[in-house]
Amino acid sequence: MKQFLNREMEAHREASEKEIAVMRAVFEKSIEMAYTVFGANAFRRFYPGRQGNPNGYWEKRKLNQALWDTLLYTFSLYEKPQIIPIADRIREEFLNVVTNDLTFITYIASTTDKPDHVRYRAEVWRQRLQGLIGLSGKEPRTFSLALKQQLHEADPTCQICDQRIYDIDDAEIDHIQHYWQGGRTIQENARLAHRYCNRARGARD
């Protein structure tokens, strides 16, 4: 990583004002998209619940360096009209990857500067993001935030453990019939659950 940074600094140490302006514009665009999607939780890690306490929470004390480079890199590949209209779906997809992809979780929790860790995080999230952008006309795997809010307002009870879901970000909509078994992403096949409970159910099934 140090060698990579040294090469980048050397390549751009005599950058022209025009080149600097282009890089600044990309950076500012990516920052704006990150805060449009995640608000105050941009670049913060989400921790799912655990056995005995299924309620999850956002990291409050600090930003996560690994999520900083992952999100800014991937957002830099797109323009605002591609990202902002699907901001809610992107947020839900992000919460899914940081609670279900064990390798991704490990690589944002431990040493963050190993090249293979950086590449894995970037590629996994890039593929997820591209999948959302390329969904036009297709039924998505993830349910909408609007439906999650509707279900939470109607009954904030986890349909797996029967305990209250206090934070809507700690809730996810579970396919009653699994998606991989042909279950559709429609309200009739949806139920509200803690992220932890849904993951635990998936591990058992």
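From the N terminus on, the elements of this chain run α-α-β-β-α-α-α-α-α-α-β-β-α, which makes 9 helices and 4 strands, where helices (H or I, at least four residues) and strands (E, at least two) are DSSP runs numbered from the N terminus. I should say at once that this is a predicted model, in which local features need pLDDT of at least 70 and side-chain atom pairs count only at pLDDT 80 or more, while totals for chains, interfaces and linings use all residues. Residues are numbered from 1 along each chain as its sequence is written, and side-chain values use heavy atoms, with hydrogens and water left out.

Let me begin with the chain as a whole. Its C-alpha trace spans about 60 × 35 × 30 Å along the principal axes, and of its 205 residues 41% are buried, meaning under 20% relative accessible area with a 1.4 Å probe and protein chains only. If we take contacts (heavy atoms within 4.5 Å) between residues at least 6 apart in sequence, 66% of them join residues at least 24 apart.

Now to helix H2, residues 17–38. Its end C-alpha atoms are 31 Å apart, which agrees with the 32 Å that its 22 residues should span at 1.5 Å a residue, the expected span being 1.5 Å times one less than the number of residues. Which residues of H2 are buried? They are Lys29, Ser30, Ile31, Met33, Ala34, Val37 and Phe38, and what covers the buried residues of H2 includes helix H3 (65–75), helix H4 (80–83) and helix H5 (87–100). After H2 comes Gly39, with a positive phi near 60°.

I turn next to His152, which is found in helix H8, residues 145–154. Is His152 buried or exposed? His152 counts as buried, because its relative accessibility is 15%, and, leaving aside neighbours within four places in sequence, His152 is in contact with Ile165, Ile168 and Leu192.

The last residue I want to show is Asn198, in helix H9, residues 195–204. Asn198 has 14% relative accessibility and therefore counts as buried. Its side chain is joined to that of Glu172 by a polar contact of 2.7 Å, a polar contact being a pair of N or O atoms within 3.5 Å, where within protein one must be able to donate a hydrogen and the other to accept it, and residues adjacent in sequence count only if both atoms are side-chain atoms. Not counting residues up to four places away in sequence, Asn198 touches Ile160, Glu172, Asp174 and Ala193.

Definitions and conventions: Buried means under 20% relative accessible area, exposed over 50%, partly exposed in between (1.4 Å probe, protein chains only).
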